[in-house]
Structures are given as C-alpha cells and as structure tokens.
Amino acid sequence: MSTSKKPHTHTTDLQKVRLDKWLWAARFYRTRSLAKQAIEGGKVHFAGSRVKTSKEISIGDELTLRQGSATAMTEKTVVVTALSVQRGNATAAQALYEETEESIKRREYYAEQRKLANLARPDTKPNKKQRRDLQRFKHQGD
C-alpha cells in the first residue's frame, strides 16, 4: 500500500521558476491568482519592462513590485537570491529575495511623506457653523 506524493522540490535543485509561483512562495501575494492578476495588471516588472505570468526567473534577476492601495502604494525593487515553488513560513520566504538599498530608502521617504500629509488634516470635522462659514468663504468671489 504505497501512497504517491509529489516529490519535495528543493530550492537548490531549481534553475528557473515561473514568476507567479515565485511571488506566491516569497509571500508577496496571498494566492497565485492574486500574483497572476498583479503581473497581468502591470504591477510587476522584470528588468524595467512588463512581463507575462509564465516568465521564468532565475537567481540574480531584479524585479520591481507595486503593492498596496492607491493612497498607500509602495514600490519595491528586489533581487532574487533563491528559488522555490513551495510556500514556506515568513523567514523562509524572506530568504528568497533581497530588497535593494535604494528601494528601502525610497519606501521610507514615501512613508514619511504620507505621515506628514496626514498631519495636515484637522483633528475633528467642522461643526454646522464652521461648515456654513466655509461655504460663505468659498462663494464670496461668485
């Protein structure tokens, strides 16, 4: 009574891996279908240009990823350091890539800018009298 299982794919055995599988294994996206949507949507670039889902990547390739919502979009530039087609824990996933220094600095700068932009907002919403005064002020020149 033998049970057939898929053979365990080691990271050292692989020469090339599909981009969508690697992005999923590196935990950039929760599912392969989300990784596929990001690639097809132009949010993943390889060597500065858009790629297809089936693009095979190898160690040393540089990828640019855009993640997040429209208000908090972050762009990461990562270099592939290892290959895997199996999704592991977070520490194993972080060993698959290395983010460039320039990318880290750029992300930190934009995060700081978002914090500063958020500080310009008032603490509370204007009350009824303040809203009327704002409306009068806006329509003064009409």
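Arg18, Asp20 and Arg32 are linked in a network of salt bridges. That network is a good place to start a tour of this predicted model, where a search of the whole structure turns up 6 salt bridges. The structure also holds 4 aromatic pairs, and Lys125, Lys128, Arg131 and Arg132 form a positive surface patch. Here is a walk through these features, topic by topic.

**Salt bridges**

- Side chains of opposite charge can pair when their charged atoms come close.
- Arg107 and Glu99 make one such salt bridge, with 2.8 Å between the closest N and O atoms.
- The two partners differ in how they are covered: Arg107 is partly exposed, because its relative accessible area is 28%, while Glu99 counts as buried, because its relative accessibility is 16% and the limit for buried is under 20%.
- Glu102 and Arg106 also meet through their side chains, in a salt bridge of 3.5 Å from N to O.
- Both Glu102 and Arg106 belong to helix α4, where they sit 4 residues apart, about one turn of the helix.
- Glu102 is exposed at a relative accessible area of 60%, whereas Arg106 counts as partly exposed at 23%.
- In helix α5, Arg136 and Asp133 are 3 residues apart, again about one turn of the helix.
- Arg136 and Asp133 form a salt bridge whose closest N and O atoms are 2.9 Å apart.
- Arg136 has a relative accessible area of 54%, so it is exposed, the cut-off being over 50%.
- Asp133, at 34% relative accessibility, counts as partly exposed.

**Aromatic pairs and a cluster**

- A pair of aromatic rings is described by the distance of the centres and the angle of the planes.
- Among the 4 aromatic pairs of the structure is the one between Trp22 and Phe28, whose ring centres are 6.0 Å apart and whose planes stand at 40 degrees, so this pair is tilted.
- Trp22 counts as buried, because its relative accessibility is 0%.
- Phe28 is buried too, with a relative accessible area of 8%.
- Trp22 has a further aromatic partner in Tyr97: this pair is edge-to-face, with 6.4 Å from centre to centre and 80 degrees between the planes.
- The pair of Trp22 and Tyr97 links distant parts of the chain, since Trp22 lies in helix α1 (residues 19–25) and Tyr97 in strand β7 (residues 97–99), 75 residues apart.
- Taken together, Trp22, Phe28 and Tyr97 form one aromatic cluster.

**The positive patch and helix α5**

- If you look for positive charge on the surface, you will find a patch made by Lys125, Lys128, Arg131 and Arg132.
- Lys125 is placed in the loop between α4 (101–119) and α5 (128–138).
- With a relative accessible area of 74%, Lys125 is exposed.
- Helix α5 also holds Lys129, which counts as exposed at 58% relative accessibility.
- Lys129 and Ala72 are 57 residues apart in sequence, and their C-alpha atoms are 33 Å apart in space.

**A charged residue in strand β7**

- Glu98 is part of strand β7.
- At 54% relative accessibility, Glu98 counts as exposed.
- The C-alpha atoms of Glu98 and Lys52 are separated by 22 Å, with their positions 46 residues apart along the chain.

**Backbone angles worth a look**

- Arg27 has a positive phi of about 65 degrees, although Arg27 is not a glycine.
- You will find Arg27 in the loop between α1 and α2 (32–40), and at 39% relative accessibility Arg27 counts as partly exposed.
- Ala47 is another residue other than glycine with a positive phi, here near 55 degrees.
- Ala47 has its place in the loop between β2 (44–46) and β3 (49–50).
- Ala47 counts as exposed, because its relative accessibility is 64%.

Conventions
Residues are numbered from 1 along each chain as its sequence is written. This is a predicted model: local features need pLDDT of at least 70, side-chain atom pairs count only at pLDDT 80 or more; totals for chains, interfaces and linings use all residues. Side-chain values use heavy atoms; hydrogens and water are left out. Rings of Phe, Tyr and Trp (its six-membered ring) pair if their centres lie within 6.5 Å; planes under 30 degrees apart count as stacked, over 60 as edge-to-face and the rest as tilted. Buried means under 20% relative accessible area, exposed over 50%, partly exposed in between (1.4 Å probe, protein chains only). Helices (H or I, at least four residues) and strands (E, at least two) are DSSP runs, numbered from the N terminus. Patches are made of residues with over 30% relative accessible area and no salt bridge: like charges are joined within 9 Å, nonpolar side chains (Val, Leu, Ile, Met, Phe, Trp, Tyr) within 5 Å. Accessible areas come from the Shrake-Rupley method with a 1.4 Å probe; for residues, only the protein chains shown count as cover. A salt bridge is a side-chain nitrogen of Lys or Arg within 4 Å of a carboxyl oxygen of Asp or Glu. Lys and Arg count as positive and Asp and Glu as negative; His and the chain ends are not counted. The place of a charge is taken as NZ of Lys, CZ of Arg, CG of Asp or CD of Glu.
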